[in-house]
Amino acid sequence: MNVRRMAAVLAVAVAAVLGQAGAAGAASGGQLRIEPGWYAGHHVSFLQPSVFSSKPNGGTFACFGLGPDLTGIDRPTAPLYVIVDPSATQDHCDGDPTALRHDHVLSVAPGDRGYTGAWTLVFLVAGQGHTLDLANHPITNAADVLEAMDSGELVQLPTGTVQMVAPVIGGAR
């Protein structure tokens, strides 16, 4: 890893620690949020900056703040799979632990070709006739997500394009 990339990763990690310690304000007036996810069979953490900003440029999806709205910005993204299921263990709507429970599966991480820290969210649910048990049998890598999509175990929700910036800050390798 080159020195500039290491410095950038260290800066993000320090910001993440400060964000975890309390309601640290992000530069755009919002708060940092650290989310869990899976990458290549490993637990990872990624940072959503300015999730609950009072600025009018914040993106949202359902009950979730997504940070800066990337609509109309031409930026390379990678898929971040969001598996919505009652058995998911990683996230849910704030204030209602039963609403939109979901797990995250990242397709790339720092050091991978195509990693930019920007994502196109791909929302998935169990296909007709299939039942998921993510608490006991999590889907932990992109290859398994694609295989489950090919077999019909997972199907994509027609949400349109939803993008966000959320750099990986821990656990990818």
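**Close-up views of a predicted model**

Leu100 has a relative accessible area of 36% and is therefore partly exposed. The structure shown here is a predicted model, and the views below take up its parts in turn.

**View 1. Leu100 in the loop between β5 and β6**. This residue is not a glycine, yet Leu100 has a positive phi of about 50°. The strands on either side of the loop that holds Leu100 are β5 and β6. With a relative accessible area of 36%, Leu100 falls between the limits of 20% for buried and 50% for exposed residues.

**View 2. The hairpin of β1 and β2**. Strands β1 and β2 pair in the antiparallel sense, and seven bridges link them. Among the paired positions, Ile34 has Leu47 of β2 as its bridge partner. Two residues lie between the strands of this hairpin. Ala40 belongs to the loop that connects β1 (33–39) with β2 (42–48). Its phi is near 50°, a positive value in a residue other than glycine. Ala40 has a relative accessible area of 43% and is therefore partly exposed. Of the seven residues of β1, five are buried, so the strand is largely enclosed by the rest of the structure.

**View 3. Arg33 and its polar contacts in strand β1.** Arg33 is located in strand β1. Its relative accessible area is 18%, so Arg33 counts as buried, the limit for this class being 20%. The side chain of Arg33 makes a polar contact of 2.6 Å with the side chain of Glu35. A polar contact of 3.4 Å links the side chain of Arg33 to that of Asp91.

**View 4. The hairpin of β3 and β4**. Strand β3 (residues 58–61) pairs with β4 in the antiparallel sense, over four bridges. Opposite Gly58 stands Pro68, a residue of β4. There are two residues between the strands of the hairpin, and Ala62 takes a positive phi near 55°. Strand β4 (residues 64–68) has four buried residues out of five, so this strand is largely enclosed by the rest of the structure.

**View 5. Thr77 and its surroundings.** Thr77 lies in the loop between β4 and β5. Its relative accessibility is 27%, and Thr77 therefore counts as partly exposed. Along the chain, Thr77 and Thr120 are 43 residues apart, but their C-alpha atoms are separated by 5.8 Å. The side chains of Thr77 and Thr120 are joined by a polar contact of 2.6 Å. Apart from neighbours within four places in sequence, the residues in contact with Thr77 are Thr116, Ala118, Trp119, Thr120 and Gln163.

**View 6. The aromatic pair of Tyr115 and Trp119**. A search of the whole structure finds one aromatic pair. It is formed by Tyr115 and Trp119 in an edge-to-face arrangement, with 6.1 Å from centre to centre and 65° between the planes. Tyr115 has a relative accessible area of 21% and is partly exposed, whereas Trp119 is buried, with a value of 0%. Trp119 is also one of the residues in contact with Thr77, shown in the preceding view.

**View 7. The buried and exposed sides of helix α2.** Helix α2 (residues 142–151) has Ala142, Val145 and Ala148 among its residues, and these three are buried. They cover an arc of only 120° around the axis, which puts them on the same side of α2. An α-helix has 3.6 residues a turn, so residues three or four places apart point the same way. The face turned away from the buried side of α2 carries the exposed residues Ala143, Glu147 and Asp150. Four strands receive the packing of the buried residues of α2: β5 (78–84), β6 (102–106), β7 (118–126) and β8 (154–156).

**View 8. The two ends of helix α2.** At the start of α2, a side-chain oxygen of Asn141 comes to within 3.1 Å of the backbone nitrogen of Ala143. Gly152 follows α2 and has a positive phi, near 90°.

**View 9. Confidence along the model.** The mean pLDDT of the protein is 80, with 77% of its residues at 70 or more. Over residues 1–29, pLDDT stays under 50. For residues 1–29 the model has 25 contacts beyond four places in sequence.

Notes:
Residues numbered from 1 in each chain as written. Heavy atoms only, no water. Buried < 20%, exposed > 50% of the residue type's maximum accessible area, 1.4 Å probe, protein only. Arc of directions from axis to C-beta. Contact = heavy atoms within 4.5 Å. Polar contact = N/O pair within 3.5 Å; in protein donor to acceptor, adjacent residues only side chain to side chain. Phe/Tyr/Trp six-rings, centres within 6.5 Å; stacked < 30°, edge-to-face > 60°. pLDDT = per-residue confidence, 0-100. Pairing = 2+ DSSP bridges.
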